[in-house]
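Please open the model in your viewer and keep the selection tool at hand. This tour goes from the whole chain to two sheets and then to two pairs of helices.

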Amino acid sequence: MTPPKARRAAGTRVPLVDGIEKVTGRALFTADLAAGDALVGRILRSAASHGVITRLDISRALALPGVEAVITGEDCRHPYGVLPIAMNEFPLARGKVRYRGEPIAAVAARDAATAEKALALIAVEIEPLPAYYTAEAARDAGAVLLHEGKPGNIEREVHHAFGDPAAGFAAADLVCEERFHCAEVNHAQMEPHAALAEYDDARGQLTLHTVSQVPYYTHLHLARCLEMDASRIRVVKPFVGGGFGSRTEALNFELIAALLARAARGRVRMALSREETFITHRGRPETDIRLKLGLRKDGRITACACEVVMRGGAYAGYGIVTILYAGALLHGIYDIPAVSYDGYRVYANLPPCGAMRGHGTVDVRHAFECLLDRMARRLSLDPFAVRRVNLLQAPTRTPNDLLVNSYGLEECLAKVEAASGWRQRKGRLPPGRGLGLACSHYVSGAAKPVHWTGEPHAVVALRLDFDGAVTALTGAPEIGQGSSTMVAIAVAEVLGIDIGRIRVVAGDSAITPKDNGAYSSRITFMVGNAAIDAARRLRDVLIQAAAGKLEARPEDVACEGEVFSVRGGAQSSLAFAEVAKAAIAIDGPITVKGTFTTPPEAQGGRHKGGAVGSTMGFSYAAQVVEASVDSDTGEIRVEKVWAAHDCGFAINPLAVEGQVQGSVWMGMGQALSEETRYVEGLPVHASLLEYRVPTIAESPDIEVAIVESNDPLGPFGAKEAGEGALSGFPPALVNAVADAIGIDLDELPLTPDRVLEALVERRRRARLAETRRAS
C-alpha cells in the first residue's frame, strides 16, 4: 500500500462540524426539544424596583385547576452566584426585591393560558424603598443599601499602582486627562433563554437541558440551590443560538425550572420571551472613565492613571472580576512603565450586569485608544508611529506580572496600514470622510478558574472502538464559536487521519468530562491542548500495535494519511482500520484521556486581584475604520474595516475570520446604536425593535488579515480569536469621525442625535466667536 499524500488538518479552512444541521434547520435548540407532556413554566416578576415583600399569597393560584406547582423564595434558601465569594442572588426573591422584573414566584401548569391565569391570582404587596438608577445616586451618602455590608453600595473597589506614576507624569512633555462615557449594552443573542427540566421522583434524579455556556457551573448551583447530590443531576447543552457572555453563569430561570420540576414531580418547559431575556440581562455595564496619559515628544507613554466607575445592577454576578479586568488589561498591550488604577463597581436597582464579549476591557480600551490618538495629534505624530514606539518586546512580563509570550501587534499594524492605504489616503479623503486606527488585545482563557478545585483546567477523552471511528468527548460547550470543530481538527492533525473519522460529543455531564465552560476565550487554548494530549496518547497506543504487526520498533513507525508505515524501511504498510483492529484486539475498546493545566508562570502576580487578567497568551489586533458623516443628519456610515488579528496560529482560518468579523460587527453595534434604556427601572429597550443592533444594511465590508506569532504554550501555537478584535472598533470609529469632521466625541454610542448635537454646538461656538471678533 502506497501511503497517500498527507493532508494536514490544522491550518486549513474546515467547515464547522455542526454547520450542516444549522443551515438545514435540523439543529435542535432547547426550545425545539420535544416537550411531550411537559408543564408550562411561567415567572411572576416584580413591578417595583426596590422594596420589601410584605405579602406573598399563592393559595388562589395553587387552587386553580391545571396548576401543578407554585414556588416562591421560600422554596430555595441558598443564594447563588458565579463567584464563590460573591453569591448574593436567589432564584426567586427572598424578603426583598432589588430590580424591576426580578422573579418573585413561578408556576407550572398544564398549558400557557392556565399558567398566565395563575400568575394573576398571586397576591403580592411590596413596601417601596428608594430606588437608584445611576451609580452616582447609589453612591450618595444617604442612599439606602441594596445589600448589607456594602457601604456606599459599592460591590468592589480596586486600587492598584505599578511603577511611579507621579514621576512618569513629571517626565512627560504632554499630559492630558479626559472623561468618557459608555452606555450599558446587551448581548442580543439570537436565541431567547430556555430550559427544559425533568425530575424523576422515583429515582430522585434531575435532568436539565439548557442554553448555558457553563453547564458545569450550572450543575454546581443546581446541587446547591436544590440541596441535591451532584451525582443525581444531569445537565445537557443542546445547540445554542449565541451566547457572547449572556450565559456564562447559572441564571435564575434555569434554577426556577428545576425547582418547579421537582415541586411538580415531572417535566417543566421554561421558554422566556425576548423581553424576559433582556431583563435576565448580564450585559456590559454602563461605565464612566477618567483617563490621564503622559507622553514624550516622540510619543513614548510615560504614565497612565485611570479611574473607572461601573453601574453593575442589583447583584454581584461577575462584577468583581469585571472591575479587576478593567485595570489589569491596561497592561499587556503597550510598554507602559507606570500605571495607577482606581475602580468602583456599584450596585443599582437595575437588572444585573455580567460578562459580555471582551469582558472588562472594551470600555477602558476605547478610552485609551481615543485619548492616545488625540495626544498624537497635539504632538503632530502619526497614530501608527505612536503605537509603534510603545510596542512590547516578547517574551516579557508586565509591571503587574502578566506573562506575554508572543506578540504580533507590530505585524498587525503593518497589515492594516498597507491594506487601508493609510499613508496615501489619510488626510486626503473628501470632506466628511475619515480614517481611524485603534489596537486591542485579550486573554486566551483566565489562568485561574472561577472555582478552584485543583483539577486540570481541561480534559478531553478519546474512544476508539470496532468501527474505527474516534469519538472525542469534551465538556466544552459548542455555542457557535467552532470549539467542537477545533477539537476534531486537533485530533485529526495529531493522529494523521481524516477529520470525517472523528465524532465530537460535547456538553453532557452524564457522558463528557467536566469542563469549566465557554468564557474568556479559554476553549481553544485549554481544551485544544487537552485534545492534543489525548490524541498523542492514542497515537502511542496505535503505533505500538502497528509496530507489532510491522515487526518494527515503535519509534520507526509513522502515520500519514491514515496509513502506518516504517520510516525509511520496506514498503509494507497498514491502513488505519487494520491498526485499530489490532489495538482493540489486545485490550478491547480503547479510551485515553488528555489534560491541560495552566503553568504556574502564567497565573499572575501576588498582589490582591493579581489572578484576574493572567493568561497563557494574549491575542493582539489592529483596526482601521473608514467612515463618513452626514453633517446635516449626524448619521455615520461605516464604509470599510480592515482588521488584523494575531491569533498565534489559525487552527481553522475559516473560523478565525468569522470570529474576527463577528467581533468587529458587535463592536460596531456598541459604537453606533446599541444601549439599554430604563424609565424608573422599566426597560424600554426590551425588544429587537427598540434595541438597535446593526442590520445587513449597516454592515460594511470587513477585510480580515490573520497574523500568526506562534505562542509557545498554545495548541499548535494558537491563541484566542473570538473577542480581542471587538474592543478596537469603537475607538477606531471615534477616531475616524474625528478625522472626518474634526470633532472628538466622548460618549458611546455615536447616535445621529449625539453627533448632530456636537455639530450644532460647534456651529454655535463658531458664530459666537465671529460675533466677538466683529464687536
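What follows is a series of selections in a predicted model, each with a short account of what is found there.

**The whole chain**

Begin with the complete protein chain, coloured by secondary structure, which comes to 19 helices and 31 strands. The radius of gyration is 28 Å, close to the 28 Å that the globule rule gives for 775 residues, so the protein chain is as compact as a globular protein of that length. If you turn the C-alpha trace along its principal axes, it spans about 100 × 75 × 50 Å.

**The four-stranded sheet**

Next, select β18, β26, β27 and β30, which make up an open sheet in that order, with mixed pairing. Because β18 (433-443) and β30 (701-707) stand at the edges and each has a single partner strand, one side of each is left without a neighbour in the sheet. Looking across the sheet, you should find a twist that averages 15° from one strand to the next.

Now narrow the selection to β26 (residues 618-629) and β27 (residues 636-646), which pair in the antiparallel sense over ten bridges. Which residue of β27 is the bridge partner of Val 629? It is Ile 636. Then add helix α17 (residues 653-672), which packs on this sheet and touches β26, β27 and β30, its direction making about 130° with that of β30.

**The three-stranded sheet**

Move on to β22, β23 and β24, an open sheet of three strands in that order, where the pairing is antiparallel. Here β22 (557-560) and β24 (573-575) are the edge strands, each with a single partner strand, so one side of each is left without a neighbour in the sheet. The twist in this sheet averages 25° from one strand to the next.

Zoom in on β22 and β23 (residues 563-566), whose antiparallel pairing runs over four bridges, and show Glu 560, whose bridge partner in β23 is Val 563. Helix α16 (residues 576-587) can then be added to the view, where it lies across β23 and β24 and runs at about 85° to β24.

**Helices α14 and α15**

The remaining stops are pairs of helices, and two packed helices are described by the angle between their axes and the distance between the axes. Select α14 (residues 483-495) together with α15 (residues 523-550); they pack at an angle of about 35°, with their axes 8 Å apart, and α14 passes α15 in a right-handed crossing. With side chains displayed, look for the residues that make the contact, including Met 486, Val 487, Ala 490 and Val 494 of α14, and Val 527, Ala 531, Ile 532 and Leu 542 of α15. The residues of this contact divide into 13 nonpolar, three polar and two charged.

**Helices α10 and α18**

Finally, select α10 (residues 362-378) and α18 (residues 729-741), which pack at an angle of about 30° with their axes 8 Å apart. That angle makes α10 roughly parallel to α18, and the crossing of the two helices is right-handed. On the α10 side, show Arg 365, His 366, Glu 369, Cys 370, Asp 373, Arg 374 and Arg 377, which meet Pro 730, Pro 731, Val 734, Asn 735 and Ala 738 in α18. How many residues of the contact of α10 with α18 are nonpolar, polar and charged? They divide into five nonpolar, two polar and five charged.

Definitions and conventions. Residues are numbered from 1 along each chain as its sequence is written. This is a predicted model: local features need pLDDT of at least 70, side-chain atom pairs count only at pLDDT 80 or more; totals for chains, interfaces and linings use all residues. Side-chain values use heavy atoms; hydrogens and water are left out. Axes are lines fitted to C-alpha atoms, for helices over the stretch in contact, and angles run from 0 to 180 degrees between N-to-C directions. Angles under 35 degrees count as roughly parallel, over 145 as roughly antiparallel, 65 to 115 as roughly perpendicular and the rest as oblique. A crossing is left-handed if the near helix is turned anticlockwise from the far one by less than a right angle, and right-handed if clockwise. Contact means heavy atoms within 4.5 Å. Ala, Val, Leu, Ile, Met, Phe, Trp, Tyr, Cys and Pro count as nonpolar, Asp, Glu, Lys and Arg as charged, and the others, Gly among them, as polar. Two strands pair if DSSP finds at least two bridges between them. The radius of gyration is taken over C-alpha atoms; the globule rule is 2.2 Å times the number of residues to the power 0.38.
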